[in-house]
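Student: Please take one small part of this model and look at it closely with me. From there, I'd like to follow the connections outward to the rest of the chain and its ligands.

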Amino acid sequence: MTQKAPTILSSKATTSTADFICAPATVAGARSAIAVIRGSGAPGTRGSVFTALANIFLTPAGKCAAELTARVAHYGNISDGDEFIDDVLFFRFDGPASFTGEDSFEIHCHGNPLIVRAILTLLYRHGFRSAEPGEFTRRAYLNGKLGLNAAQAVAEVIEARSQLSLKAAHRLSRGTFRSGLLSLRSSLMNLAADLNAELDFIDEDIAFATLDTKLAILSRVEGETQKLADDAQRFDSIRGGVNIAIVGAPNAGKSSLLNRLLGHERSIVSDIAGTTRDYIEAELEIQGVNVRLFDTAGLREDSGDTIEIIGIERTRELIGRAHICLLIADGSIAPTELETLLPAETPARLLVAVNKCDMLHAEWANRRKDSPDNNSVIYISALTGEGFPALMQAFAAITAELAPQDAVPLSVWQVKLLNEIASLMRSASNLLRDRELPELIAHQVTRAIDCMSELTGEISSEDILGRIFSRFCIGK
Ligand SMILES: Nc1nc2c(c(=O)[nH]1)N(C=O)[C@@H](CNc1ccc(C(=O)N[C@@H](CCC(=O)O)C(=O)O)cc1)CN2
Ligand SMILES: Nc1nc2c(ncn2[C@@H]2O[C@H](COP(=O)(O)OP(=O)(O)OP(=O)(O)O)[C@@H](O)[C@H]2O)c(=O)[nH]1
Ligand SMILES: [Mg+2]
């Protein structure tokens, strides 16, 4: 499980890795059956984390942490001198066979914040300090227990709000992103070696790889890094959820639709046109995707009501932020031109649903006969639920396009590096075609190799580590 420890440029770490750290690993401040406190630290002149616990934890047989076997649950008491604090389960992990790679332990106590507080206070008095956010995972990374991408993925796994995000996080931790980049990097390294060799034999005019071979490598790296960057950006836009704005003429059944999707009466429904004034937001999961639904004020051009006009303005704003604009037509009345109600320029994908198909107007019925349900128009009834499976399928099809299948969650700095590599590849290709000096081309290639090492965490800096691990919660 252990890999080569990374190279960290600049050693200005904000916190010392020699410290003994501790933190709650479960939600702090909440009551639960059990709470977990973890601690970690490498042994040094003042002994190990286990000897530091000597006056805190004892088993009924009178054994202290330093005398216990690793990786076994030990029952015992935590006490502060004569004062009993809690009876707990204690786990000891001996470095390097631990999550952090250091000597570490877990205390599983009763899940009361008062007890957690008391145990932490006791640990602080016995040589531990509170861990920084992400410090356990940071240590695991520094000790070569996980790659940087896998460490990043830990935060994503905890943060994921949908199955979609969870899957993307798993892809990041499984290392396909990393191994893909390492393979691209090794082909660039071969290319750089060739270019440098050409430099050495420049007078003899020996080419080590043909121009086409070199261009093919550059183009492959460009294509793949650009795709990774684009996919990550597309994924990022729906990470917080896919926004679906339900819009349409007043009384079309927008609120009824929201309520049916949610399975409860969230929005007020009435036969009075203009019932919904301000938009209403609700969250749900559709086929593994986190969706934010917005029920909006009906759009009409001739409203004289000041509040309704403000509501309509807000609807238009919302459409501008939506991924999907679900336009609801009232199927019980003759079709009217609805698209004119929408803002002309919107990045949102348009999906039209004709509601009230349980009492379809003759003209709609004729249209339906001519062109039955298709990907752009779906007939539904918010009253009976007819057409909802087709609606769900249409949502799923659009989100599948919005969310690339093999995307991984990346940070802004990583997307920037990927874009930089792609652009270096383009300029290197141009230099090659212009028969420029190999050293100029080698320079671009070398820079791209460095970018790749940063992306996979082979090389890192305190700055990058700070950015990654500060996003974690304490205790992770
Ligand atoms: N109680 C508890 N549950 C947990 C964790 C934890 O730290 N404690 N984890 C923490 O995030 C996750 C599991 N991840 C872990 C990863 C590595 C090791 C570990 O001890 N690794 C050793 C031995 C591996 C082995 O036995 O093969 C090693 O890498 O050498 C432990 C947990 C999720 N569940
Ligand atoms: N028959 C039938 N009636 C429906 C259907 N959906 C909604 N209605 C009725 O249509 C009326 C308007 O429904 P709402 O959900 O309030 O419509 P809305 O689009 O939110 O209206 P505003 O908020 O005013 O813009 C109510 O009387 C609903 O009961 C449907 O599928 N079939
Ligand atoms: Mg409404």
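**A loop and its surroundings**

Tutor: Let's start with R435, which sits in the loop connecting α12 and α13. Everything here comes from a predicted model, so please read each value as computed from that prediction. R435 has a relative accessible area of 65%, and because the threshold for exposed is over 50%, this residue counts as exposed. Its backbone deserves a second glance too: phi is near 55°, a positive value, and R435 is not a glycine. As background, most residues other than glycine have a negative phi.

Now step back from the loop into α12, one of its two flanking helices. L431 belongs to this helix. Its relative accessibility is 19%, so L431 counts as buried, the limit being under 20%. L431 also has a spatial partner further along the chain: Q444 is 13 residues away in sequence, with a C-alpha to C-alpha distance of 9.7 Å.

From here we can move to the interior. The largest nonpolar core has 48 residues, and among these L188 and V445 touch the most other members. Seven helices each supply at least two residues to this core: α3 (135–142), α4 (148–159), α6 (176–200), α7 (211–239), α12 (412–433), α13 (438–456) and α14 (462–469). Both helices that flank our loop, α12 and α13, are therefore on that list. The top contributor is α12, which gives 10 residues. Domain 1 (7–147) and domain 2 (163–236 + 409–456) both contribute residues, so the core lies between them. In general terms, nonpolar side chains in soluble globular proteins tend to be buried together.

That brings us to the overall division of the chain. Domain 1 covers 7–147, domain 2 is made of two segments, 163–236 and 409–456, and domain 3 covers 242–402. The C-alpha centres of domain 1 and domain 3 are 53 Å apart.

Two buried residues elsewhere are worth a visit. E135 is located in helix α3, and at 2% relative accessibility it counts as buried. Its side chain is not without a polar partner: the side chain of R129 makes a polar contact with it at 2.7 Å. I119 lies in helix α2, which spans residues 113–125, and has a relative accessible area of 0%, so I119 is buried as well. I119 and D86 are separated by 33 residues in sequence, while their C-alpha atoms lie 8.6 Å apart.

There are also two backbone details to set beside R435. In the loop between β6 (83–93) and β7 (103–111) we find P96, and the peptide bond from G95 to P96 is cis, with omega near 0°. As a general point, most peptide bonds are trans. R71, in the loop between β4 (57–58) and β5 (74–80), has a positive phi of about 65° although it is not a glycine. R71 has a relative accessible area of 56% and counts as exposed.

R71 also leads us to ligand 1. This ligand has 10 residues around it, of which R38, R71, E106, K145 and K476 come nearest. The side chain of R71 places an N or O atom 2.6 Å from an oxygen atom of ligand 1, and the side chain of R38 does so at 2.8 Å from an oxygen atom of the ligand. E106 approaches a nitrogen atom of ligand 1, with a polar side-chain atom 2.4 Å away. On its own ligand 1 has 680 Å² of accessible area, of which the protein covers 51%. The shell around it consists of 4 nonpolar, 1 polar and 5 charged residues.

Finally, ligand 2 has 23 residues around it, and the closest are K254, S255, S256, G274 and T275. Backbone atoms take part here: polar ones of N251 and G253 lie 3.0 Å and 2.9 Å from an oxygen atom of ligand 2, respectively. A side chain joins in as well, with a polar atom of N355 at 3.1 Å from a nitrogen atom of this ligand. Ligand 2 exposes 650 Å² when taken alone, and the protein buries 89% of that area.

Conventions:
Residues are numbered from 1 along each chain as its sequence is written. Chains are lettered from A and ligands numbered from 1 in the order in which they are written. This is a predicted model: local features need pLDDT of at least 70, side-chain atom pairs count only at pLDDT 80 or more; totals for chains, interfaces and linings use all residues. Side-chain values use heavy atoms; hydrogens and water are left out. A residue is near a molecule or strand if one of its heavy atoms lies within 4 Å of it. A polar contact is a pair of N or O atoms within 3.5 Å; within protein, one must be able to donate a hydrogen and the other to accept it, and residues adjacent in sequence count only if both atoms are side-chain atoms. Accessible areas come from the Shrake-Rupley method with a 1.4 Å probe; for residues, only the protein chains shown count as cover. Ala, Val, Leu, Ile, Met, Phe, Trp, Tyr, Cys and Pro count as nonpolar, Asp, Glu, Lys and Arg as charged, and the others, Gly among them, as polar. Domain bounds come from an automatic or database domain assignment. A nonpolar core is a set of buried Ala, Val, Leu, Ile, Met, Phe, Trp, Tyr and Cys residues joined through side-chain atoms within 4.5 Å. Buried means under 20% relative accessible area, exposed over 50%, partly exposed in between (1.4 Å probe, protein chains only). Helices (H or I, at least four residues) and strands (E, at least two) are DSSP runs, numbered from the N terminus.
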